[in-house]
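The following report describes a single chain, moving from its overall build to a few chosen residues. Please keep the sequence and the model in view while reading.

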Amino acid sequence: MRHFRKELESYQDDLSRVQILSHQESIDLHKSAKRASRAIAAKKVPKSKDVDAHRRLVESVLRIAFKEALKYRNNAFELPDLVQQANMECVRAVDAWDPK
């Protein structure tokens with residue numbers, strides 16, 4: 001677990017550098033992220049700016065997901081497993097989010 005502790009500390013440090021997005025920034029990025037998702041679904045290569053928008057949206061919510069995972073670390077699950085699951089759920093949440 002000591003090995004994971006260093007990695008998790010590094011991960012948390014990386015997350016602390018991620019810019020928190022305003023509501024309007026999130027909506028603007030969402031439009032580009034949706035274009036990337038549609039291109040991938042159509043088996044086309046998405047534009048790099050659209051992929052970057054998706055990444056930025058996911059990264060913006062990872063900080064919250066990590067904080068929530070920390071609340072459950074003393075339960076039946078190991079923290080690295082919780083963080084991994086939280087990360088996957090962030091991707092799903094961004095893909096499913098409808099800002100309307």
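## Overall build

Of the 100 residues that make up the chain, 30% count as buried. The model is a predicted one, and every value given here is computed from it. The chain holds 4 helices and 0 strands, and its pattern, read along the sequence, is α-α-α-α. Measured out along the principal axes, the C-alpha trace spans about 40 × 30 × 25 Å. That span, to be exact about wording, is computed from the coordinates of the predicted model. Its accessible surface comes to about 7,400 Å², and carbon and sulfur atoms account for 54% of that area. Among contacts between residues at least 6 apart in sequence, 68% join residues at least 24 apart. The chain carries 20 positive and 15 negative charges, and the mean positions of these two sets are 5 Å apart.

## The nonpolar core

In soluble globular proteins, nonpolar side chains tend to be buried together. In this chain the largest nonpolar core has 18 residues, and Leu-57 and Val-83 are those with the most contacts inside it. Helix H1 (2-16), H2, H3 and helix H4 (79-96) are the elements that give two or more residues to this core, and the largest share, 7 residues, comes from H3.

Leu-57 touches Leu-21, Ser-26, Leu-29, His-30, Ala-33 and Val-94, when residues up to four places away in sequence are not counted. One of these partners, His-30, lies in helix H2 and counts as buried because its relative accessibility is 8%. With residues up to four places away in sequence again left out, His-30 touches Leu-57, Val-94, Trp-97, Asp-98 and Pro-99. Val-94 is thus found in the contact lists of both Leu-57 and His-30.

## Ser-32 in helix H2

Is Ser-32 buried or exposed? At 14% relative accessibility, Ser-32 counts as buried, the cut-off for that class being under 20%. The residue lies in helix H2, which covers residues 23-41. The side chain of Ser-32 is joined to that of Arg-35 by a polar contact of 2.8 Å. Leaving aside neighbours within four places in sequence, Ser-32 is in contact with Asp-50 and Ala-53. Ser-32 and Arg-92, which are 60 residues apart in sequence, lie 16 Å apart in space from C-alpha to C-alpha.

## Ile-20 and Glu-25

Ile-20 lies in the loop between H1 and H2 and is exposed, with a relative accessible area of 63%. Not counting residues up to four places away in sequence, Ile-20 touches Glu-25 and Arg-63. The C-alpha atom of Ile-20 is separated by 9.7 Å from that of Arg-56, which is 36 residues away along the chain.

Glu-25, for its part, is found in helix H2 and is partly exposed, with a relative accessible area of 30%. Apart from neighbours within four places in sequence, Glu-25 is in contact with Gln-19 and Ile-20. A polar contact of 3.4 Å joins the side chains of Glu-25 and Gln-19, while a polar atom of the Glu-25 side chain lies 2.7 Å from the backbone nitrogen of Ser-22. The C-alpha atoms of Glu-25 and Met-88, 63 residues apart along the chain, are separated by 22 Å.

## Lys-43 in the loop after H2

Where is Lys-43 found? Lys-43 is placed in the loop between H2 and helix H3 (48-71). At 77% relative accessibility Lys-43 counts as exposed, and the phi angle of this residue is near 60°, a positive value in a residue other than glycine.

## Accessibility of the residues discussed

The table sets out the relative accessibility of the residues described above.

| Residue | Relative accessibility | Class |
|---|---|---|
| His-30 | 8% | buried |
| Ser-32 | 14% | buried |
| Glu-25 | 30% | partly exposed |
| Ile-20 | 63% | exposed |
| Lys-43 | 77% | exposed |

Technical notes
Residues are numbered from 1 along each chain as its sequence is written. This is a predicted model: local features need pLDDT of at least 70, side-chain atom pairs count only at pLDDT 80 or more; totals for chains, interfaces and linings use all residues. Side-chain values use heavy atoms; hydrogens and water are left out. Buried means under 20% relative accessible area, exposed over 50%, partly exposed in between (1.4 Å probe, protein chains only). A polar contact is a pair of N or O atoms within 3.5 Å; within protein, one must be able to donate a hydrogen and the other to accept it, and residues adjacent in sequence count only if both atoms are side-chain atoms. Contact means heavy atoms within 4.5 Å. Accessible areas come from the Shrake-Rupley method with a 1.4 Å probe; for residues, only the protein chains shown count as cover. Lys and Arg count as positive and Asp and Glu as negative; His and the chain ends are not counted. The place of a charge is taken as NZ of Lys, CZ of Arg, CG of Asp or CD of Glu. A nonpolar core is a set of buried Ala, Val, Leu, Ile, Met, Phe, Trp, Tyr and Cys residues joined through side-chain atoms within 4.5 Å.
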